[in-house]
Amino acid sequence: MADNTKGLADVVAASTAVSDIDGRAGRLFYRGYDIHDLAGHATFEETAHLLQRGKLPNRAELQAFGDELVAGRELGPLVSANVAEIAGKQKPMEALRSLVSLASADDPDRDSVAPEADLRKAARLTAQQPLLVARYHAARSGKGVPEADPSLSIAGNFLLQVAGHAPSAREAEIFDECLVLHADHTMNASTFAARVCAATLSDMHSAIVAAIGTLKGPLHGGANEQVMKTLESISPDGVAQAVRDKLAAGEKIMGFGHRVYKTEDPRATHLRRMSEELSGDDPKYYRMSKEMEEVVFETKGLYPNVDFYAASVYHYLGIPTDLFTAVFSISRMSGWTAHVIEQHADNRLIRPDSEYIGERDQKWKPIDER
């Protein structure tokens with residue numbers, strides 16, 4: 001086996017119409033739409049409809065989809081009864097893995113992988129994920145969750161329910177754009193895990209639990225949280241030296257470089273702008289991020305990826321640092337479910353080959369002769 005296939009690098013694992021990347025040009029597309037055209041123009045609800053149902057909705061379709069999301073966001077009795085206990089015993093991504101699994105028991109389509117059932121479950125999962133994160137945070141904080149405001153979007157209601165007060169219109173718009181930017185990203189590790197599970201004709205909730213469990217791993221999710229911890233751990237006057245010291249010690253600076261992009265991650269372009277806008281009277285973390293970006297590029301030639309500026313954006317929006325990866329799952333739910341729908345629609349069991357590198361022609365001996 002060639003070394004460049006380790007980790008399935010450059011191996012085409014599936015055909016998909018959901019999203020595409022041009023790594024050399026630094027471009028990302030959702031169903032043929034450039035992310036630069038969608039970000040700041042299409043809402044997260046429109047983007048979820050595009051990914052899950054194959055097209056940008058017209059006004060009537062968006063209204064119907066919005067009504068479906070509102071109707072589906074209420075948590076079932078089993079999940080509701082266990083949020084507090086789970087919040088007391090598990091960290092955010094562990095808790096979400098457990099709560100989504102429990103949600104399958106409350107779902108009216110739990111036993112079906114039919115196309116119509118998958119669409120309904122996709123909408124419910126997309127609507128419920130923000131509330132699961134908010135309910136988890138409230139439970140561990142000993143607080144209640146404000147009722148959703150029907151005038152607010154998924155993004156606006158999440159900020160309301162986590163912070164406990166209504167966001168400004170601009171804050172809701174910025175977070176909505178964040179959700180759009182993170183909605184899908186081709187065959188990343190968590191999406192592949194979801195598709196492998198779905199390919200066995202397991203149900204959508206099981207596939208999403210597989211995706212969440214994969215996102216939980218620090219080599220996939222969690223980089224934005226680590227970026228924020230790094231920013232908080234160094235002096236604003238010592239950014240350049242701290243970065244050079246870490247690199248000299250062989251440490252990785254989280255939030256830089258990408259397996260696919262050979263130039264700047266197109267999502268980082270938008271997040272940098274949002275971080276600068278939100279920084280306002282508190283520019284410390286934006287300025288530190290900008291300096292860190294310049295030093296890393298000068299020293300290693302690496303560009304920031306989606307996680308780097310997402311850290312300061314989420315911080316400025318008042319989202320607790322340890323919820324950053326959970327927030328990622330709110331957005332990516334739209335893409336994960338779209339891939340599960342696609343896998344179920346044209347399914348073949350995903351079963352790659354392997355190259356055996358162990359001993360051969362071993363002879364069995366009784367235990368007393370070993």
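A residue is taken as buried when its relative accessible area is under 20%, and in this predicted model Arg272 falls into that class because its relative accessibility is 14%. The side chain of Arg272 meets that of Glu264 in a salt bridge with an N to O distance of 2.6 Å. Glu264, at 17% relative accessibility, is likewise counted as buried, so that each member of this pair lies under the 20% limit.

Arg272 also takes part in a salt bridge with Glu293, in which the closest N and O atoms are 2.7 Å apart. Because Glu293 belongs to helix H14, which covers residues 284–300, while Arg272 belongs to helix H13, which covers residues 266–279, this pair ties together parts that are 21 residues apart in sequence. Glu293 has a relative accessibility of 11% and is therefore assigned to the buried class as well. Elsewhere, Asp107, Asp109, Arg120 and Arg124 are joined into one network by salt bridges that share partners.

A further salt bridge connects Asp265 with Arg267, whose closest N and O atoms are separated by 2.7 Å. Asp265 is buried, with a relative accessibility of 1%, and Arg267 is buried too, with a value of 2%. The pairs described here are among the 19 salt bridges counted in the model.

The cysteines were considered next. The count of disulfides comes to 0. Cys178, at 0% relative accessibility, is classed as buried, and Cys197 is also placed in the buried class, with a value of 18%.

Strands E1 and E2 form a hairpin with 4 residues between the strands. Strand E1 comprises residues 19–22 and strand E2 residues 27–30; the two run antiparallel and are joined by 4 bridges. Within this pairing, Ile21 has Leu28 of E2 as its bridge partner. In the same hairpin, Gly26 adopts a positive phi near 70°.

The two faces of E1 are unlike in their covering, with Ser19 and Ile21 on the covered face and Asp20 and Asp22 on the uncovered one. Side chains in a regular strand alternate between the two faces of the sheet. Ile21 thus combines a place on the covered face of E1 with a bridge to Leu28 in E2.

How values were computed. Residues numbered from 1 in each chain as written. Predicted model: local features only at pLDDT ≥ 70, side-chain atom pairs only at ≥ 80, totals over all residues. Heavy atoms only, no water. Salt bridge = Lys/Arg side-chain N within 4 Å of Asp/Glu carboxyl O. Buried < 20%, exposed > 50% of the residue type's maximum accessible area, 1.4 Å probe, protein only. Disulfide = S-S within 2.5 Å. Pairing = 2+ DSSP bridges.
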